[in-house]
Amino acid sequence: MKVLIDEEQINSRVIELGRELAQEYQNRPLTIIGILAGSLVLLADLIRAIDVPHQVGVLQASSYRGKSTTPGELQVNLDYLPDLTDRDVLLVDDIFDTGKTMQTVLAQIQDQNPRSLKSAVLLWKEEASQVELEPDYHCFKIPEHFVVGYGLDFNNEYRHLPFIASLEGSDLA
Ligand code: 5GP
Ligand code: MG
């Protein structure tokens with residue numbers, strides 16, 4: 001495992017993004033929606049860095065199954081979404097890879113008639129994108145490596161690591 005982004009770098013960038021979002025959303029009815037499970041560490045840190053009143057909710061989306069590092073069929077569960085009618089919604093995910101998860105989930109949230117809708121991610125694998133869409137906010141661009149930590153898992157392990165690391169071939173075996 002090789003550390004790509006350390007704890008200090010993540011913390012300072014998340015604080016910085018929180019300040020930027022607080023400016024953007026002051027005096028607006030902001031709801032932040034985290035995509036489970038990968039966004040949960042970012043969600044917890046980011047909401048405490050956004051010093052304006054806002055609501056928080058979650059939805060669940062998963063495309064990886066078990067030990068695989070390649071996506072399967074995307075499954076989305078909106079059962080726990082709060083009412084988003086006339087809210088300014090910011091959708092938060094761990095990583096924008098092909099972009100298909102973000103694209104699909106944004107379309108489903110748009111159906112709930114928010115006042116506005118934007119996306120924020122911790123990591124952006126810009127070269128892996130397979131959609132026209134780009135994230136509105138991101139913390140770091142990374143190359144096309146499979147990464148873990150700060151919420152991101154491999155086979156549901158490593159989410160608790162406070163840094164982002166790439167897994168090498170032997171780690172993935
Ligand atoms: P996309 O739909 O953009 O291809 O993929 C988004 C989802 O795939 C992310 O929410 C994340 O769960 C998973 N994913 C994509 N790349 C990685 C990666 O490098 N590491 C991990 N752990 N998950 C990834
Ligand atoms: Mg995910």
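# Exercises on a predicted protein model

In the protein chain, 66% of the contacts between residues at least 6 apart in sequence join residues at least 24 apart. The model is predicted, and the exercises below use values computed from it.

## Exercise 1: The chain as a whole

Task: State which elements the protein chain contains, in what order they run, and how the radius of gyration compares with the globule rule.

Solution.

Step 1. Count the elements: the protein chain has 3 helices and 9 strands.

Step 2. Read them from the N terminus on, which gives the order β-α-β-α-β-β-β-α-β-β-β-β.

Step 3. Compare the radius of gyration with the rule. The value is 15 Å, close to the 16 Å that the globule rule gives for 173 residues, so the protein chain is as compact as a globular protein of that length.

Step 4. Add the outer dimensions: along the principal axes, the C-alpha atoms fill a box of roughly 50 × 35 × 25 Å.

Step 5. Turn to the surface. About 8900 Å² of the protein chain is exposed, and carbon and sulfur atoms supply 44% of that area. Of the 173 residues, 43% count as buried.

## Exercise 2: A salt bridge within one helix

Task: Describe where E16 and R13 lie and decide whether each is buried, partly exposed or exposed.

Solution.

Step 1. Locate the residues: both E16 and R13 belong to helix α1 (residues 7-25), where they are 3 residues apart, about one turn of the helix.

Step 2. Check the distance. The side chains of E16 and R13 form a salt bridge, with N to O at 2.8 Å.

Step 3. Apply the cut-off that buried means under 20% relative accessible area. R13, at 16% relative accessibility, counts as buried. E16, at 46%, counts as partly exposed.

## Exercise 3: A salt bridge between two loops

Task: Find which parts of the protein chain are tied together by the pair K125 and D97.

Solution.

Step 1. Take the distance: the closest N and O atoms of K125 and D97 are 4.0 Å apart, and the two residues form a salt bridge.

Step 2. Place each partner. K125 is in the loop between β6 (116-124) and β7 (137-141), and D97 is in the loop between β5 (88-96) and α3 (100-110), so the pair ties together parts that are 28 residues apart in sequence.

Step 3. Classify K125: its relative accessible area is 8%, so K125 is buried.

## Exercise 4: Charges with and without a partner

Task: How many salt bridges does the structure hold, and which side chain of opposite charge is nearest to D93?

Solution.

Step 1. Start from the count: the structure holds 9 salt bridges. The protein chain carries 14 positive and 27 negative side chains, and the centres of the two sets lie 1 Å apart.

Step 2. Look at one pair. D153 and R159 form a salt bridge, their closest N and O atoms being 3.4 Å apart. D153 is partly exposed, with a relative accessible area of 21%. Elsewhere, E24, R28, D88, R115 and K118 are joined into one network by salt bridges that share partners.

Step 3. Now take D93, which lies in strand β5. D93 is buried but has no salt bridge, and its nearest side chain of opposite charge, R159, is 8.5 Å away.

Step 4. List what surrounds D93. Beyond its neighbours within four places in sequence, D93 is in contact with several residues, among them I35, L42, T101, M102 and V121.

Methods. Residues are numbered from 1 along each chain as its sequence is written. Chains are lettered from A and ligands numbered from 1 in the order in which they are written. This is a predicted model: local features need pLDDT of at least 70, side-chain atom pairs count only at pLDDT 80 or more; totals for chains, interfaces and linings use all residues. Side-chain values use heavy atoms; hydrogens and water are left out. Helices (H or I, at least four residues) and strands (E, at least two) are DSSP runs, numbered from the N terminus. Buried means under 20% relative accessible area, exposed over 50%, partly exposed in between (1.4 Å probe, protein chains only). The radius of gyration is taken over C-alpha atoms; the globule rule is 2.2 Å times the number of residues to the power 0.38. Contact means heavy atoms within 4.5 Å. Accessible areas come from the Shrake-Rupley method with a 1.4 Å probe; for residues, only the protein chains shown count as cover. Lys and Arg count as positive and Asp and Glu as negative; His and the chain ends are not counted. The place of a charge is taken as NZ of Lys, CZ of Arg, CG of Asp or CD of Glu.
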